[in-house]
Each structure stands twice: as structure tokens, then as C-alpha cells.
Amino acid sequence: FADDLTDDLPGDGECATADTVGIGVVCTLRAAIMEANAAPGLAHITFAPSDDPVVLSLPDSGAVGGALEITDTVAIDGNLVDGLPATGIGGQMAGERLFLVDAPNLLVHFRNLRMSGGEATGGLGGAIAVLLDSDVRIGRSEFVANSAASGGGVAVLGGSLRIRNSDFDANQAESNGLALFGNFGARIEVNDSSFRNHLGVEPGGGPNPTIDLDPNVDFTITNSTFSGNQFGIRADNPSRLSMWHLTLYDQLNGGLGIALNASSRFTLYNSIVAAPASALPDCLISGDDIASSFQFAGMLDSDGSCASLASNAITAAPGLLPLTRSPGQISFHHAPRVEADKPSPALDVGMLFLCQLDRDQYGQRRPVDLDFVPDLLGPCDLGAIEAQAPDALFADAFEEMF
């Protein structure tokens with residue numbers, strides 16, 4: 001039931017509201033979460049098929065209202081139609097995020113959901129805030145137009161977060177990350193996802209990054225695309241920063257801004273960081289002992305700022321196609337041009353020993369050695385998408401849940 005009503009008796013094993021005039025006894029998302037919090041073990045919340053989204057009205061008075069707080073292990077699974085989430089959760093109350101996860105040492109799953117309109121005024125995480133020691137997994141979900149003071153989409157405050165096969169679009173924050181923010185030693189992993197249209201500046205006038213990481217955060221990102229954002233990824237003295245097969249294209253003010261210390265460990269392999277119209281360099285990597293802090297190889301940039309730090313690097317126009325989303329896929333991508341007369345310089349230049357990911361952002365096999373491209377360095381394409389031969393069979397391995 002789409003309206004936001006509480007469970008009548010949490011812990012009785014039934015998702016059921018009080019008998020309300022004109023409505024009767026129904027099960028709502030809030031009621032289901034209240035039952036999940038009160039019951040031991042993993043609870044599984046699903047939605048009946050419907051053309052109408054679930055809308056959290058979140059009134060500002062009365063018994064109902066505020067973020068949906070999760071304190072025990074639960075899996076919330078929406079419905080898919082043609083590979084896209086058909087279950088939407090939309091915030092309507094000014095100043096309230098959608099979900100607050102405070103479930104130390106327990107798993108919480110969000111899958112097949114479209115979250116929009118969450119608003120953590122003065123707080124962190126417009127759609128989801130993950131608190132200390134909580135462990136959240138997000139799969140095949142969309143985060144659209146959420147906002148917060150920090151971490152407009154999702155904020156991780158010392159907890160753990162794994163995002164797979166998802167899309168972040170036009171989330172907003174005053175500072176500290178328009179889409180994603182991590183602090184207090186958070187552990188974050190992002191795979192096979194896209195981040196686009198995140199625009200905004202911080203109070204001091206500098207560009208607000210799409211992803212912002214405070215000191216001592218452990219962050220891994222693979223097979224992901226950034227497009228049309230104000231700035232890509234900013235990390236301040238991370239404990240570990242691991243990046244493989246990224247496409248950061250057409251940001252307004254630079255792709256990577258990384259500050260390292262002697263204990264930081266930073267790897268960046270087989271990636272494209274190219275913003276030809278950027279007011280800032282593609283790569284701004286700084287630190288007292290950079291040489292001992294990072295490994296940097298297989299790069300394509302547009303201004304030489306990344307190539308000056310990396311081995312086997314290329315500075316050139318990347319030759320990417322416009323941003324698009326393939327049928328049945330949730331994330332967006334910039335594919336490399338494969339025309340034989342003018343192929344992308346990202347094709348077949350990644351060294352084989354660095355191609356440790358055997359599939360790309362869409363689950364297509366990697367590497368694919370194209371006959372018409374001389375692969376002097378290696379058979380892997382740089383970036384999130386591996387160009388397929390014309391007769392290739394496309395595979396989608398994203399139905400596996402974690």
C-alpha cells in the first residue's frame with residue numbers, strides 16, 4: 001500500500017496497519033520495516049506488481065513521519081520491468097532523507113529500486129545514510145535528484161557500502177559530494193555503475209565533486225562511467241584507493257583530485273580521464289611521497305596531466321560515442337568508436353597483465369582483440385566498456401544477486 005502508515009503491532013509477525021476508515025488494514029513499506037526491525041533474522045520485503053510507484057508521503061506531524069530507520073538485517077526488493085526498477089520510493093517531506101541504516105554488523109540489501117526526492121537538510125545522505133559498522137549492499141537501483149548538506153545521494157559514516165549496477169543522476173549537496181560521500185574510515189566499493197549530471201559548487205566557490213572521500217576511507221571502483229558532472233572523484237588521504245577500467249569523460253572541472261600521504265595506497269589502471277573543456281586538469285595528484293603511494297598505468301587523458309604520472313599513457317581525444325544506455329541496462333556509458341577508419345585510441349592498448357577484470361560494465365567479456373586495431377601494448381580497451389567484435393554475443397551477468 002503506497003501511503004505511509006505505521007505497523008499496528010511490531011513484532012507480531014504481520015505487516016498490518018491499524019484498521020483505518022476508508023482504507024482498512026494494509027501493509028505499507030514503513031510497517032514492513034518496523035516488523036523487520038522487531039523480528040530476528042533476515043526479513044525479505046517485496047512489492048506487488050504495480051504501475052504506480054511507492055511514494056513516502058512523510059508528513060511532518062502525527063505518528064508517521066521521518067526517515068525509514070532500519071535497525072536489523074533486511075532485504076528490500078523492488079520490481080523490474082525491461083531491466084529497470086519499476087518500484088519507486090519518493091520523498092515528499094522537506095528535510096527528510098528516505099532511509100537511515102543503523103544496523104551494526106548486519107547486512108541490509110536494497111535492490112531494484114528508484115529512489116528520488118530524499119532531502120537531508122543539514123545532514124548527510126539524501127536517499128540513504130549508512131551509520132557506523134552497518135553493512136549495506138545496493139544492486140540495480142537508481143538515485144535521482146536526492147539532496148543533502150553532504151552526500152546528496154548516499155553517505156557512509158564509518159560503515160560499509162557496496163554498490164553494483166546502479167545509476168546516480170542529478171543528486172545535489174551543499175558540499176562533500178553530490179552523489180556519494182564517505183568518512184570515518186568507511187569502506188566503499190562501486191562496480192558497473194554510472195554517475196551523471198551532478199552539478200554544483202561548494203561555499204568557497206570550488207567545484208563540488210561527484211564522489212568525495214574523507215581521510216582514511218577505503219574505496220574501490222571498477223567498470224564505471226562518469227559523464228557531465230562538475231568534478232569527478234576527490235579523495236583526501238585515503239587509506240586505500242583502487243580504480244580499474246573507469247571512464248571519466250566530459251566533466252566541467254576535472255576528473256580526479258587525489259591527495260596522498262605516506263600510508264595511502266592508490267592504484268589506477270586502464271582508465272580514461274578526459275575532460276577537454278575542463279577548467280581544471282584531468283588529474284590533480286599530490287602528496288609528499290607520491291612514488292611510494294601509487295601505481296598508475298594504462299591511461300588516456302586529454303591534457304597530459306595523467307600521462308605525466310603513468311606508464312603506457314596516451315594523451316589524445318578519446319574518441320567516445322555520446323552518452324547512452326543500452327536496452328535492459330540500468331547504467332549509462334560512453335562506448336569507444338570502433339570505425340575502422342577512425343577508431344578510438346582507447347581500443348586495444350591495455351596491457352594484458354593489467355586486464356584483471358574479465359568483463360566490462362555491461363558484463364561483456366574482456367579482453368576482445370579487434371583485428372583492425374594494432375595492439376602494440378595489449379588487447380584490453382581502456383575505460384569501462386570493452387568494444388565487441390561485430391558478431392559478438394552480448395551477455396548480461398547482472399542477475400546474480402549478492
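Okay, let's start with one pair of residues: Val190 has Ile221 as its bridge partner in strand 24. Before I go on, a word on what we're looking at. This is a predicted model, where local features need pLDDT of at least 70, side-chain atom pairs count only at pLDDT 80 or more, and totals for chains, interfaces and linings use all residues. Residues are numbered from 1 along each chain as its sequence is written, and side-chain values use heavy atoms, with hydrogens and water left out.

Back to strand 24, then. When I say strand or helix, I mean DSSP runs numbered from the N terminus: helices are H or I with at least four residues, strands are E with at least two. Two strands pair if DSSP finds at least two bridges between them. And as a reminder, strands of a sheet pair through backbone hydrogen bonds, either parallel or antiparallel.

So which strands does strand 24 pair with? Strand 24 covers residues 218-227 and pairs with strand 21 in the parallel sense over five bridges. One of those contacts puts Arg187 across from Asp218. Strand 22, residues 194-196, also runs parallel to strand 24, with three bridges joining them, and here Phe195 has Phe226 as its bridge partner. Then there's strand 26, residues 240-249, which pairs with strand 24 in the parallel sense over nine bridges; Ser227 is matched with Tyr249 there. Strand 21, residues 187-191, has a parallel pairing with strand 17 too, residues 160-164, over five bridges, with Arg164 opposite Asn191.

Is strand 24 mostly covered or mostly open? Mostly covered: nine of its 10 residues are buried. Buried here is under 20% relative accessible area, exposed is over 50%, and partly exposed is in between, using a 1.4 Å probe and protein chains only.

There's also a little three-stranded open sheet, in the order 11-15-19, with parallel pairing. Strand 11 (119-124) and strand 19 (172-173) sit at the edges with a single partner strand each, so one side of each has no neighbour in the sheet. Strand 15, residues 147-150, is joined to strand 19 by two bridges, and Ala148 stands opposite Ala173.

On to the packing. A nonpolar core, for us, is a set of buried Ala, Val, Leu, Ile, Met, Phe, Trp, Tyr and Cys residues joined through side-chain atoms within 4.5 Å. The largest one has 63 residues, and those with the most contacts inside it are Ile76, Phe99, Phe110, Ile128, Phe219 and Phe266. Apart from it lies another core of eight residues, including Ile272 and Leu300. Contact, by the way, means heavy atoms within 4.5 Å. Setting aside neighbours within four places in sequence, Ile128 is in contact with Phe99, Val101 and Phe110, among others.

Now a few single residues you might click on. Asn270 is in strand 28, residues 265-274, and counts as buried because its relative accessibility is 0%. Leaving out neighbours within four places, its contacts include His245, Gly298 and Cys380.

Asn112 is in the loop between strand 9 (107-111) and strand 10 (114-116). With a relative accessible area of 11%, Asn112 is buried as well. Its C-alpha is 5.0 Å from that of Ser141, 29 residues apart along the chain.

What about Leu357: where does it sit? In the segment after strand 31 (311-315). Leu357 is partly exposed, at 21% relative accessible area. His245 is 112 residues apart from Leu357 in sequence, and 8.4 Å apart in space, C-alpha to C-alpha. Leu357 also touches Trp244 and Arg366, among others, not counting residues up to four places away.

Last stop, the largest pocket. The definition is a mouthful: on a 1 Å grid over the protein atoms alone, a pocket is an open set of points with protein on both sides within 12 Å along at least five of seven lines, where a 1.4 Å probe fits, and lining residues have an atom within 4 Å of a point. Its volume is about 500 Å³, counted as the space filled by probe spheres set on the points, which are joined across faces, edges and corners.

What lines the largest pocket? There are 31 residues, with Cys27, Ala32, Ile45, Thr46 and Phe47 nearest its centre. Helix 1 (29-38) and strand 1 (43-46) each supply at least two of the lining residues. Seven of the 10 residues of helix 1 are buried, so the helix is largely enclosed by the rest of the structure; Ala32 is among those buried.
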